[in-house]
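Here are my notes on the salt bridges, as you asked. Have the model open while you read.

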Amino acid sequence: MDKEIYVLGIGRNSITMIDLAEDCGYRIAGLLHYNHDCIGENYFGYRIGGCFEDLFVGNSIKGKNFLITMGDISIRETLFNRIVGYGGAVPSLIHPSAVVSRHAQIGSGVLVMPQSVVQADVKVGDNSVLTLSSQLTHSSVVGNHCFISGHSLVGAYVNMGDRVWIGQGAVIVSGEVGSIGNDAIIGAGSVLRTNAKPNCVYLGNPARLVRVRE
């Protein structure tokens, strides 16, 4: 019998996460949106049956599996912590076409999308996302609640903090980048060749600091 999982956050990208869950052997038990506006609506053949706040009444989520689909890092972090705090589970989902070394360490709630690669001696923290064809090179560390966008490459020996966003097609160069601070953003197509400070945005090739996040 397939395992059951509840899908949280119904947006444009959610269907790709549903595909991931089903490809990993889960059955979609229900869909929940962030508010009550969409209850009863149909999403790719699935009915939206409730909202997030419905989860945290009594012991309704204890022992159940949940998939967080939205890309907003702060929302993902808040939901993950609340679900775990209320006794729910956020399992890691690794697509069958992804290559994850048996010598890598994967946290809870990690999503690894098709064709992605996680090499040996990589550590990925809780609730982080690796989207289509992203690559983590050996001996790198990804913190909690990070988002690694499609076709990006994180080089070897990089130590990434929490809530870091790596844009599409970005390259973090092995041996030149030792650390990426908490809440940093590396823009799409950027080539980072130096350490990235916390709460800062880097863009370009080579990537340069363009602003400090508030």
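The points below go through the salt bridges of this predicted model.

1. Start with the tally: the count comes to five salt bridges. I only go through some of them here.

2. Take Arg27 and Glu4 to begin with. They form a salt bridge whose closest N and O atoms sit 1.9 Å apart. Arg27 belongs to strand β2 (residues 26–33) and Glu4 to strand β1 (residues 3–8), so this pair ties together parts that are 23 residues apart in sequence. As for accessibility, Arg27 counts as partly exposed at 37%, and Glu4 is also partly exposed, at 33%.

3. Next up is Arg163 with Glu77, a salt bridge with 3.5 Å between the closest N and O atoms. This one links distant parts of the chain, 86 residues apart: Arg163 is in the loop between β17 (159–160) and β18 (165–166), while Glu77 is in helix α2 (residues 73–85). Arg163 has a relative accessibility of 22%, so it counts as partly exposed, given that buried means under 20%.

4. Then there's Glu176 and Arg193, where the closest N and O atoms of the salt bridge are 2.8 Å apart. Both ends are in loops: Glu176 between β19 (171–172) and β20 (179–180), Arg193 between β22 (191–192) and β23 (200–204), with 17 residues separating the two in sequence. Glu176 is partly exposed, with a relative accessible area of 36%, and Arg193 is partly exposed too, at 42%.

5. Which residues do shared salt-bridge partners join into one network? Glu77, Arg163 and Asp183.

Notes. Residues are numbered from 1 along each chain as its sequence is written. This is a predicted model: local features need pLDDT of at least 70, side-chain atom pairs count only at pLDDT 80 or more; totals for chains, interfaces and linings use all residues. Side-chain values use heavy atoms; hydrogens and water are left out. A salt bridge is a side-chain nitrogen of Lys or Arg within 4 Å of a carboxyl oxygen of Asp or Glu. Helices (H or I, at least four residues) and strands (E, at least two) are DSSP runs, numbered from the N terminus. Buried means under 20% relative accessible area, exposed over 50%, partly exposed in between (1.4 Å probe, protein chains only).
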